[in-house]
Amino acid sequence: MTAPTFTPRVFSGIKPSGGLTLGNYLGAIKRWVDMQGQMESVYCVVDLHAITVWQDPAELRDGTREIAAGMIASGIDPSKSILFNQSQVSAHAELGWIFNCVSRVGWMNRMTQFKDKAGSNAEKVSLGLYAYPSLMAADILLYHATHVPVGEDQKQHVELTRDIASKFNHDFGEAFFPLTEPVIDGPATRVMNLRDGTKKMSKSGESDMERINMLDDADTLVKKFKKAKTDPEPLPDNLDDLAGRAEARNLIDIYAALDDRTPEAVITEYAGAGWGKFKPALADLSVAKLAPISTEMKRLMNDPAEIDRTLAQGAQKAREIANPVLERTYDIVGLLRG
Ligand code: TRP
């Protein structure tokens with residue numbers, strides 16, 4: 001097999017299940033904004049992934065618009081990047097099916113996210129949740145994406161995407177799909193829960209105090225950071241001494257990511273400080289950085305028809321890349337086309 005060269009292209013996605021959190025912003029969107037100037041970028045609100053668990057239809061529609069508004073307000077420019085929602089490009093579901101036939105059940109059984117999500121309830125979750133990584137591989141490979149910026153928790157799914165691509169290429173004797181690289185970097189790829197620093201900040205946790213929503217107002221931001229769980233110790237002068245202090249480390253990482261600095265620089269500045277000094281500084285910083293985004297998000301969300309138009313235009317551009325790749329895939333597999 002001769003290995004073709006693939007144009008560098010970024011693909012990534014966020015599920016519209018619930019609103020947008022600081023974890024989505026720092027762990028994903030903020031880095032996507034940086035990448036959009038560097039190479040062709042495709043950013044997707046992955047609504048077909050969201051429905052692998054129950055979603056109220058009206059909330060799903062609103063959530064899709066909220067994520068899109070958050071991306072645009074944060075600097076994803078729909079004239080520079082392709083921005084759309086997954087279900088408008090049917091090729092995702094179609095290539096997902098092909099990949100269901102390439103993937104092995106044993107591969108899916110190894111996915112730690114499925115095990116975590118399904119827990120002891122594995123017999124009762126949807127078949128879609130089980131097959132989710134195969135759809136994610138389709139999202140990525142439909143664009144022949146070479147770079148996928150994701151959080152640490154998605155690394156295994158991107159590795160699986162490589163396994164699917166190489167099995168497909170091998171089975172059909174053609175190096176058609178690229179072996180995609182996960183791009184995992186930046187200080188806050190993993191923003192943790194404010195009440196329990198060992199858990200990821202999630203949109204679905206029970207208490208709103210454990211997460212920062214991108215639409216939180218200034219008073220709420222201040223209250224949440226003030227009440228964030230910490231420990232009685234002051235801040236050390238180096239990161240190594242934060243080992244075993246998950247909540248403290250998380251707040252340092254959040255500060256660094258918001259301020260575009262390294263965690264090392266932040267800990268040096270605040271060495272010896274107590275929480276009574278650090279938390280108000282973090283709260284002020286978060287208001288300064290997030291208030292302009294939430295104001296713009298609210299403005300955009302006041303005109304849902306405009307968001308819908310933007311997503312439809314993005315879907316049109318996405319189809320121009322995706323449909324020929326799907327057609328060629330069908331052809332390689334031997335599915336007869338008229
Ligand atoms: N599974 C990802 C998550 O839960 C979302 C996602 C779906 C995705 N398809 C993708 C991310 C393709 C990157 C590339 O966060």
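Me: Which of the 13 residues around the ligand come nearest?

Reply: This is a predicted model, where local features need pLDDT of at least 70, side-chain atom pairs count only at pLDDT 80 or more, and totals for chains, interfaces and linings use all residues. Numbering runs from 1 along each chain as its sequence is written, and side-chain values use heavy atoms, with hydrogens and water left out. A residue is near a molecule if one of its heavy atoms lies within 4 Å of it. Of the 13 around the ligand, the ones that come nearest are Lys15, Tyr132, Met136, Asp139 and Gln154.

Me: Which side chain has an N or O atom 2.7 Å from a nitrogen atom of the ligand?

Reply: Let's go through the polar contacts (pairs of N or O atoms within 3.5 Å). Lysine 15 has a polar side-chain atom 3.0 Å from a ligand oxygen, and a side-chain N or O atom of glutamine 154 is 2.9 Å from a ligand nitrogen. The 2.7 Å pair belongs to tyrosine 132.

Me: What percentage of the ligand's exposed area does the protein bury?

Reply: Areas here come from the Shrake-Rupley method with a 1.4 Å probe. Taken alone, the ligand exposes 370 Å², and the share of that buried by the protein is 91%.

Me: Which element gives the largest share of the shell around the ligand?

Reply: Helices (at least four residues) and strands (at least two) are DSSP runs, numbered from the N terminus. Strand E1 (9-14) and helix H7 (127-141) each bring at least two shell residues. The largest share, 4 residues, comes from H7.

Me: Where does the ligand sit?

Reply: On a 1 Å grid over the protein atoms alone, a pocket is an open set of points with protein on both sides within 12 Å along at least five of seven lines, and lining residues have an atom within 4 Å of a point. A molecule sits in one if more than half of its atoms lie within 2 Å of its grid points. By that rule, the ligand sits in the largest pocket.

Me: Which residues lie closest to the centre of the largest pocket?

Reply: This pocket holds about 1300 Å³ of space. Of its 48 lining residues, the closest to the centre are Lys15, Gln113, Asp153, Gln154 and Lys200.

Me: How much space lies in the largest cavity?

Reply: A cavity is a set of points where a 1.4 Å probe fits but cannot get out, and the structure holds 1 of 30 Å³ or more. Its lining includes Gln113 and Tyr132. Its volume, the space filled by probe spheres set on the points, is about 60 Å³.

Conventions
A polar contact is a pair of N or O atoms within 3.5 Å; within protein, one must be able to donate a hydrogen and the other to accept it, and residues adjacent in sequence count only if both atoms are side-chain atoms.
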